[in-house]
Amino acid sequence: MPKAFYVTTPIYYVNDKPHIGHAYTTIACDVLARFKRLDGYDVKFLTGTDEHGQKVAKAAAEKGVTPQEICDLNSQTFRDVAKNLGISNDDFIRTTEPRHIAACQALWKRLEENGQIYLDKYAGWYAVRDEAFYDEGELTKGPNGEKLAPTGAPVEWVEEESYFFPLSKWQDKLLALYDANPDFIGPKSRFNEIYSFVKGGLNDLSISRTAFSWGVPVPGNPKHVMYVWIDALTNYITGLGYPDESGEMAKFWPKTDPVALHVVGKDIIRFHCVYWPAFLMAANLPLPRRVFGQGWWTVEGQKMSKSLGNAIDPNALIEKYGRDQLRFFLLREIPYGNDGDFSEAAIAGRINGELANAFGNLAQRFLSFIAKNLGGVLPEPGPLTDADKELLGACRSLADQCREAFERQAFHDALEAIFVVVRAANGYVDVQAPWALKKTDPARMSTVLYVLAECTRHLAILMQPFTPDATAKLLDQLAVPEGERTFAFLGPDHALKGGATLPAPQGVFPRYGDPPKAAGKGA
RNA sequence: GGCGGGGUAGCUCAGCUGGUUAGAGCAUGGGAAUCAUAAUCCCGGGGUCGGGGGUUCGAGUCCCUCCUCCGCUACCA
């Protein structure tokens with residue numbers, strides 16, 4: 001039975017406009033999903049939109065439309081971006097869907113049955129904009145003496161009946177969970193933060209609201225709707241068919257040896273690492289395996305913000321740089337988990353220096369040589385020299401290096417390992433100099449060209465998760481059948497066969513900033 | 001204030017439990033090659049490893065202290 005892997009993005013709030021941060025998370029998950037599929041796993045990849053809450057209701061009222069209309073419209077923009085990014089999600093969850101409402105209510109009832117919900121009164125300073133309560137001490141004074149949240153949002157005193165989740169009782173269980181699973185939270189710095197947060201004691205959580213109605217109704221008390229985190233976090237099991245616990249639930253949310261990975265922004269790590277496991281334990285449900293909190297991007301050194309209006313539409317970036325190029329850049333530029341800066345100079349440097357000059361040109365230089373000198377027929381290799389074996393050996397050890405890096409979501413390490421080999425391959429071409437062998441030793445020339453092709457096959461297969469479009473074209477040019485592009489086909493047993501006719505080579509990674517080639521060339 | 005993580009070549013970073021002349025990529029200088037998307041390859045310059053003290057035969061790597069940056073968290077008259 002194939003191993004299972006479940007990966008999720010956060011659900012994106014429909015009140016937001018898609019920006020580079022959303023694209024980043026979604027791309028990271030997509031690369032993970034593609035990698036695991038290629039490695040033979042049974043993969044489920046879920047993304048979607050978070051559609052409830054007061055802000056949506058308010059926005060709808062302002063525009064004179066229903067909340068559902070706003071949700072439909074904005075949810076679609078997130079779907080469109082995902083499609084444009086080449087995202088391979090298996091499902092797209094919307095929290096306004098009946099299946100999700102059913103799942104939330106089922107989870108709620110289960111918590112209730114387990115004595116994990118109680119009714120009380122909540123009073124405090126509430127900021128509509130943040131959808132959060134603040135302590136008196138956290139507030140600051142605005143220019144007119146009004147009270148403001150630390151985020152700058154205006155607050156109002158709210159007193160209302162609310163259901164509560166006894167989070168405070170789960171402190172020990174959570175600490176035990178972290179102790180037993182030190183990789184439950186990545187990167188390590190986030191683990192430390194969460195651990196010390198929980199160690200410092202937890203307050204019970206208010207999990208319902210009566211002030212607005214755009215949400216999942218609380219079973220048995222429709223005056224209340226569920227408050228954001230119960231609603232939002234539950235999406236991860238809605239997508240697996242919960243409350244039906246057979247089928248995908250059994251497979252991707254198993255009772256032992258969990259397989260789920262939640263990728264989230266560092267701003268919501270706490271909800272995923274503290275609240276979510278507490279809810280699940282309280283409902284006697286299994287847990288995810290790991291939560292990874294990724295960093296944030298600045299743009300040209302500037303923090304992205306609404307007021308600056310410098311958030312970039314991912315569609316514009318795809319248009320400008322290319323889909324594969326954007327995907328590659330975001331995962332290559334910085335160690336995953338760190339913050340990064342998106343700049344024209346940086347992405348142009350990666351595109352030209354690595355994709356075009358190093359990798360793309362490596363393929364082009366021997367493919368066009370084969371086309372011109374051997375009529376496009378992949379030659380048969382002769383005896384291998386030490387140099388040949390060394391290069392092929394480096395290619396063949398790459399898969400395990402990538403697997404190890406992917407276990408840690410260390411995309412940058414996987415890519416660095418790949419590019420070490422790319423550079424080695426370029427060095428090999430120069431040293432072997434097939435253009436000189438053409439006159440002195442054609443047989444040896446054939447072997448060199450073959451080794452380069454076989455090496456590039458490995459590189460292309462492993463690069464597929466990052467740059468799916470370009471590597472598909474490259475594997476076409478190596479005449480690798482579509483069914484033979486998974487990791488199972490890496491290694492000598494499935495090596496390229498001499499004598500194959502290769503299609504006319506064509507660059508797969510254009511330089512950025514070069515004038516476009518004459519139109520009409522196809523592709 | 002507490003906890004945690006950083007401060008290593010111009011830039012971004014790697015350096016596990018202390019041990020040969022401190023590394024990589026990019027940038028920069030020089031050279032080679034000409035198969036290739038004027039792409040590639042080789043060689044070089046460049047670092048008081050934040051400051052100071054200490055342990056050790058030996059410290060970027062351990063201890064103390066100070067400076068500084070960041071994250072989480074707490075609190076205040």
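Visitor: How do the residues of the surface near RNA strand B split up by class?
Guide: A residue is near a strand if one of its heavy atoms lies within 4 Å of it. As for the classes, Ala, Val, Leu, Ile, Met, Phe, Trp, Tyr, Cys and Pro count as nonpolar, Asp, Glu, Lys and Arg as charged, and the others, Gly among them, as polar. Sorted that way, the surface near RNA strand B has 7 nonpolar, 9 polar and 8 charged residues.

Visitor: What kind of model is this, and from what number are its residues counted?
Guide: It's a predicted model, where local features need pLDDT of at least 70, side-chain atom pairs count only at pLDDT 80 or more, and totals for chains, interfaces and linings use all residues; side-chain values use heavy atoms, with hydrogens and water left out. Chains are lettered from A and ligands numbered from 1 in the order in which they are written, while residues along each chain, as its sequence is written, are numbered from 1.

Visitor: Which residues come nearest to RNA strand B?
Guide: There are 24 residues around the strand. The ones that come nearest are E193, R270, N361, R365 and K372.

Visitor: What percentage of the RNA atoms close to the protein belong to sugar or phosphate?
Guide: Take the atoms of RNA strand B within 4 Å of the protein. Some of them belong to bases, but the share from sugar or phosphate is 72%.

Visitor: Which residue puts a polar side-chain atom 2.6 Å from a base nitrogen of RNA strand B?
Guide: A polar contact is a pair of N or O atoms within 3.5 Å (within protein, one must be able to donate a hydrogen and the other to accept it, and residues adjacent in sequence count only if both atoms are side-chain atoms). E193 has a polar side-chain atom 2.3 Å from a sugar or linking oxygen of the strand, and R511 has one 3.4 Å from a phosphate oxygen. The base nitrogen is matched by R365.

Visitor: Which helix gives the largest share of the surface near RNA strand B?
Guide: Helices (H or I, at least four residues) and strands (E, at least two) are DSSP runs, numbered from the N terminus. Among the elements that each supply at least two residues here are α6 (188–199) and α16 (411–432). The largest share, 9 residues, comes from α13.

Visitor: Are α13 and α18 parallel, antiparallel, perpendicular or oblique to each other?
Guide: The axes of α13 and α18 (residues 442–463) come within 10 Å and cross at roughly 140°. Axes are lines fitted to C-alpha atoms, for helices over the stretch in contact, and angles run from 0 to 180 degrees between N-to-C directions. Under 35 degrees counts as roughly parallel, over 145 as roughly antiparallel, 65 to 115 as roughly perpendicular and the rest as oblique. So the pair is oblique.

Visitor: What classes of residue make up the contact of α13 with α18?
Guide: Contact means heavy atoms within 4.5 Å. On the α13 side the residues include L355, F359 and L362, and they meet residues of α18 including M445, L449 and T456. The tally is 14 nonpolar, 1 polar and no charged.

Visitor: How are α11 and α12 placed relative to each other?
Guide: Helix α11 (residues 314–321) and helix α12 (residues 323–332) pack with their axes 7 Å apart, at an angle of about 110°. They are therefore roughly perpendicular.

Visitor: Which residues of α12 make its contact with α11?
Guide: From α11 come P314, L317, I318 and Y321. The α12 residues are R323, Q325 and L326.

Visitor: Where is P243 found, and is the peptide bond leading to it cis or trans?
Guide: P243 is in the loop between α8 (235–238) and α9 (247–252). The bond from Y242 to P243 has omega near 15° and is cis.
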